[in-house]
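Student: Could you take me through one part of this structure slowly, as if I were seeing a protein model for the first time? I would like one connected answer, please.

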Amino acid sequence: MSDPIKHECGIALVRLLKPFEYYHQKYGTAVYGLNTLYLLMEKQHNRGQEGAGMACVKLNAQPGEEYIFRERALGNGAISEVFDRVNQQMTLQQADGQLALEKLPFIGELYLGHLRYSTTGKSGLSYVHPFLRRNNWRSRNLCLAGNFNLTNVDEILADIVAKGQHPRHNADTFIILEQIGYLLDRQVEKLYEQYSALGLSGTELNRIIEEKLDLETILRTASGKWDGGFVIGGLTGSGDAFVFRDKWGIRPAFYYADEEIIVVASERPVIQTILNVRTEQVRELEAGQGLIIKKSGEMKLSRIASTEKITPCSFERIYFSRGSDRDIYQERKMLGNLLTDQILKSVGYDTDNTVFSFIPNTAEIAYYGMLEGLDDYLNSRKSVELLGTTDNVSSDRADQILSRRIRTEKLAIKDIKLRTFIAENNSRNDLATHVYDITYGTIVEGVDNIVVIDDSIVRGTTLKQSIIKILSRLNPKKIVVVSSSPQIRYPDCYGIDMSRMEEFIAFNAAIELLKEKGQEKIIEEVYRKCKEQQGRPKEEIINYVKEIYAPFTDDDISARIAEMVRPQGSHIEIEIVYQTIKNLHRACEGHAGDWYFSGNYPTPGGNRLVNNAFIHYYENIYTKK
């Protein structure tokens, strides 16, 4: 992606099912669980580089011994920092007390890891997962981590306050922690009363409470009002664990289980690589499904919530998830392939005088698919020329036809990461030009077209300041920038850092067109309609921001975007080609979550937040004139 946006968060859960000695004998290390967690987190580091954390639960700790451990850190080196601290604590305690391995901190049967990107703008160690709720009863300790964003935290907060609680923060993770924790407390108290009345007490009473703990009921009750996308993992101090996916299937989760280990992660190929298992052995957690692990190691899949509107995030397929996933790799190739007709039209079907390339690095897979489509087209042209005439084709002419190839070059090279230590705007923009370098001597000046594919275009800033500007130095006849995703028109509210209307070049293009055509009243009317809906229940709210785009075709907006990304002083023809939503669904079958492009939010809270985003835009731009 030329315009970087923050990824979603990532989670990892590990449950060992055998004694430590088993792993020592089979794998040569008794810290197999800890090592597996580290690898799961490191292989998902792309999903969160603002912070990382992990927690560990010991199942057989004695009274007076710690049984739940946690370590967290901030920054893009947080994973290494967390595990360095863990190793230091283990080494120090082993040296000081000559402790047996199973007595060391962070050596346990149950692990939960998290990688964080902030989607709320809030930062600091207190916001890094896992969150921990302490209690003297093991079964009432709760550790929580997740990849999520809820749209209706205010409603859930009001519900919690109505029960007499007083949360210390109003961030969704804190609220969910307190909500689930409250239900956990109530269930433990109910079990205590029930079995105390039967004469049980002490260790036996505690054992039966932990055995009868019902996380399914707790999750079903807690999530009844949740509106948003999420995958949430949790541990209790007594050794129960869960991972729960939202009923719309917005956020992803995958799991693998055998007789020695249970593993959950946000991405499938991560599990495959670390455990060396086949694609078919790693299962996707279904929408609304919970994976429950009891202290005994028994695993159960349970339907926690359900809806007919299952809409997994398509942006996971286009950009966020690893392209090494079997299905995602094929889908990204298909996204590139399906653009072939639009690309050929944009260059007048002149493949002889067009050079094709890609924006490093995430667009590379779509590029391969695009090339396959272009090869198919060229081969069909060759067949027509060879067979479509009644005259005999000479050997030289046949060789000439068969020698034609799609011209491919690596034109754009990502050279450096832009550092914004220069304060003056002109200097900053000049520095931005050099984020990408070009390969000289690949273009016939004034004759060749350049086609470069990107996986998405969000703001267009890097296109204008760097990519198109530096490609223009090759002096091509035309530059065509292709996006393997449709126009990003609407903000995300389910855990991705795309929240402001003014960030989207497609939105800004539509606003410019409305002003140019004397239709600025539509902007005011949309604002009025959005304001009138404030305070209504989220289920009654309509996405009126769609009316901003209604007067224009996709091609109208693409043409205006092409003008907006043209560097000052450039006279080279520029065209922007976007994927269609129809072809997006065709390529990413089963992942219908397209709200970024269509404005069709799967949850009622999405409509409320997109209207609020427009209100903030309007009041910031128009009321300050």
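**A close look at Asn276 and beyond**

Tutor: Happy to! With a relative accessible area of 70%, Asn276 is exposed, because the cut-off for that word is over 50%. Keep in mind that this is a predicted model. Asn276 sits in the loop between α8 (268-275) and β11 (283-284). Its backbone deserves a look too: Asn276 is not a glycine, yet it has a positive phi of about 55°. Most residues other than glycine have a negative phi, and most peptide bonds are trans.

Now turn to another asparagine, Asn475, in the loop between α15 and β19 (478-483). Asn475 also has a positive phi of about 55° without being a glycine. Asn475 is partly exposed, because its relative accessible area is 34%.

For a peptide bond to study, go to His129 and Pro130: the bond from His129 to Pro130 is cis, with omega near -5°. Pro130 lies in the loop between β4 (110-116) and β5 (131-133).

A loop residue can be hidden as well. Cys588, in the loop between α20 (581-587) and α21 (595-598), has 1% relative accessibility and therefore counts as buried. Setting aside neighbours within four places in sequence, Cys588 is in contact with Arg317, Glu331 and Leu335.

Glu331 and Leu335 bring us to helix α10, which spans residues 326-337. Helix α10 packs with helix α12 (residues 364-387) at an angle of about 50°, their axes 6 Å apart. The two helices are therefore oblique to each other, and their crossing is right-handed. On the α10 side, the residues that meet α12 are Tyr329, Arg332, Lys333, Gly336 and Asn337. Their partners in α12 include Ile365, Tyr368 and Met370. Sorted by type, the residues of this contact are 5 nonpolar, 4 polar and 3 charged.

Finally, look at the interior. In soluble globular proteins, nonpolar side chains tend to be buried together. Here the largest nonpolar core has 77 residues, and Phe315, Ile548 and Phe614 have the most contacts inside it. Helix α16 (residues 505-516) supplies the largest share of this core, with 8 residues. Phe614 touches several residues farther than four places away in sequence, among them Phe507, Tyr527 and Ile548. There is also a second, separate core of 38 residues, which includes Val14, Leu16, Leu104 and Ile261.

Note on methods:
Residues are numbered from 1 along each chain as its sequence is written. This is a predicted model: local features need pLDDT of at least 70, side-chain atom pairs count only at pLDDT 80 or more; totals for chains, interfaces and linings use all residues. Side-chain values use heavy atoms; hydrogens and water are left out. Axes are lines fitted to C-alpha atoms, for helices over the stretch in contact, and angles run from 0 to 180 degrees between N-to-C directions. Helices (H or I, at least four residues) and strands (E, at least two) are DSSP runs, numbered from the N terminus. Angles under 35 degrees count as roughly parallel, over 145 as roughly antiparallel, 65 to 115 as roughly perpendicular and the rest as oblique. A crossing is left-handed if the near helix is turned anticlockwise from the far one by less than a right angle, and right-handed if clockwise. Contact means heavy atoms within 4.5 Å. Ala, Val, Leu, Ile, Met, Phe, Trp, Tyr, Cys and Pro count as nonpolar, Asp, Glu, Lys and Arg as charged, and the others, Gly among them, as polar. A nonpolar core is a set of buried Ala, Val, Leu, Ile, Met, Phe, Trp, Tyr and Cys residues joined through side-chain atoms within 4.5 Å. Buried means under 20% relative accessible area, exposed over 50%, partly exposed in between (1.4 Å probe, protein chains only).
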